[in-house]
Amino acid sequence: MSLPSEPIGSIPRPRALQLALAEHGQGRLDDDELTKLQDKATADTLARLEELGCPVLVDGEQAKPSFATYPIAGLPTLDPAGAVIPFADGHTRQLPYLTAGPFRYQIRAETYLRNAQRHTDLPLKQAVIAPSALSLLYPGEPLDGYSREAFLQDLADEAEADIRGCLDAGAHGVQLDFTEARLSLKLDPSGKLLKNFIELNNSVLRRFNEDDRPRLGVHTCPGGDHDSTHSLDVDYADLLPELFRLEVGQFYVQLASEADPERVLEIIAGQLRPGIRVFVGVTDPIGASVETPEEVRDRVLLAARYIPADQLGTCDDCGFSPFADDTSTSRDLAFAKIEARLRGTELASQVLGL
């Protein structure tokens, strides 16, 4: 059996869908027409992944406005001027903040999963946003009649329902996107914010039983938007020991774009425990060139020196287009990188005798 290999989540939207999103945003395209184009893009994404021999598929987030904000799209009690996320190239993303309670998801990830299941019989992984990211929606000043404690309870309930709905719908796995983990150490070098994030996420994860655990995972990366990152300069040594406290069975760790991947692998090796698998990133989604299968093979073989084969897998460092309006990476380039990951992982598996 070859080493398992999985995509992370987002794949650039087709040009027709990008244009449709702009038209929809300006009120010149109705919801039904946009939905049709999103569904067509989802079907095409799944078909292309299947053609490449991808053993576990994703829908490429073709219908999500972004990996982070899908649950709150259309929520009326939001102000756009919330937390700002600065990227290394100078551009920013901004989250909204909540203006009133109670907090409720407007759409659950199960909706995307069930739509994708109409187009394939192969295993499907579903990415969901970690509750820690959505905790940033609560403003600095308390809301009248809706305390932060009440918000966090509602958030935990909604996050549990988001995950459970995907598991019940037959997801191969559910992956929490936790990009704010590394960023938190930039915002608060003391690590207190990160610890709070870990505890919040674990408070949700502990609601699931041991049978669910192998199907739960978490993804960490330094962000990826418009070919830039928000926290690549933050030392993994400060993050990974905390990250591996999360009560999941799968860890998806960005690695290909690290300056010293062997050092990171040494840290990971010190955090291994029975019953978990670590998927290491072997392709860089914001890199302009396509990795060769041989480059991927060598990255996998390096990882295998530190992580036992029965606890090792491969992935892309991050999603290729976590925000729907990011056109910095072409769709064809993304699929070429995915193919290189699959071929290189297979080459490494052969060398390892798997």
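**Notebook: strand 10 and its surroundings**

I began with one residue pair: Val278 stands opposite Leu312 in strand 11. A reminder to myself before going on: this is a predicted model.

**Entry 1: both sides of strand 10.** I looked up how strand 10 is joined to strand 11 (residues 312–316), and found parallel pairing over five bridges. The connection came next: the chain leaves strand 10, passes through helix 10 (residues 293–304) and arrives at strand 11 in a right-handed β-α-β crossover. Then I turned to strand 9 (residues 250–253), which pairs with strand 10 in the parallel sense over four bridges. Val278 came up again here, as the bridge partner of Phe251. Strand 9, helix 9 (residues 261–269) and strand 10 also make a right-handed β-α-β unit.

**Entry 2: is strand 10 enclosed or open?** I checked burial along residues 277–283: six of the seven are buried, so strand 10 is largely enclosed by the rest of the structure.

**Entry 3: the whole sheet.** I wrote down the strand order as 1-11-10-9-8-7-6, an open sheet of seven strands with parallel pairing. Which strands stand at the edges? They are strand 1 (5–6) and strand 6 (125–129); each has a single partner strand, so one side of each lacks a neighbour in the sheet. The partner I followed up was strand 7 (residues 173–177), which pairs with strand 6 in the parallel sense over five bridges. Within that pairing, Gln126 has Val174 as its bridge partner. I also noted helix 8 (residues 236–243), which packs on the sheet and touches strand 8 (216–220) and strand 9. The direction of helix 8 makes about 170° with that of strand 8.

**Entry 4: the nonpolar core.** The largest core has 86 residues, and Phe103 and Phe178 have the most contacts inside it. Helix 5 gives the most to this core, with seven residues. I listed what Phe178 touches beyond four places in sequence; among them are Ala130, Leu194, Phe197, Ile198, Val218 and Leu246. Polar residues are on that list too, including Ser132, Asn201 and His219.

**Entry 5: a glutamate in helix 5.** Glu158 caught my eye in helix 5 (residues 148–168). Is Glu158 buried or exposed? Its relative accessible area is 8%; burial means under 20%, so Glu158 counts as buried. What does the Glu158 side chain reach? I found the backbone nitrogen of Tyr105 at 2.8 Å. Setting aside residues up to four places away in sequence, Glu158 touches Phe103, Arg104, Tyr105 and Arg108. Phe103 was already in my notes, as one of the residues with the most contacts inside the core.

Terms used
Residues numbered from 1 in each chain as written. Predicted model: local features only at pLDDT ≥ 70, side-chain atom pairs only at ≥ 80, totals over all residues. Heavy atoms only, no water. Helix = DSSP H or I, 4+ residues; strand = E, 2+ residues; numbered from the N terminus. Buried < 20%, exposed > 50% of the residue type's maximum accessible area, 1.4 Å probe, protein only. Polar contact = N/O pair within 3.5 Å; in protein donor to acceptor, adjacent residues only side chain to side chain. Contact = heavy atoms within 4.5 Å. Pairing = 2+ DSSP bridges. Right-handed = clockwise from strand over helix to strand, strands pointing away. Core = buried A, V, L, I, M, F, W, Y, C linked by side-chain atoms within 4.5 Å. Axes fitted to C-alpha atoms, helices over the stretch in contact; angles between N-to-C directions.
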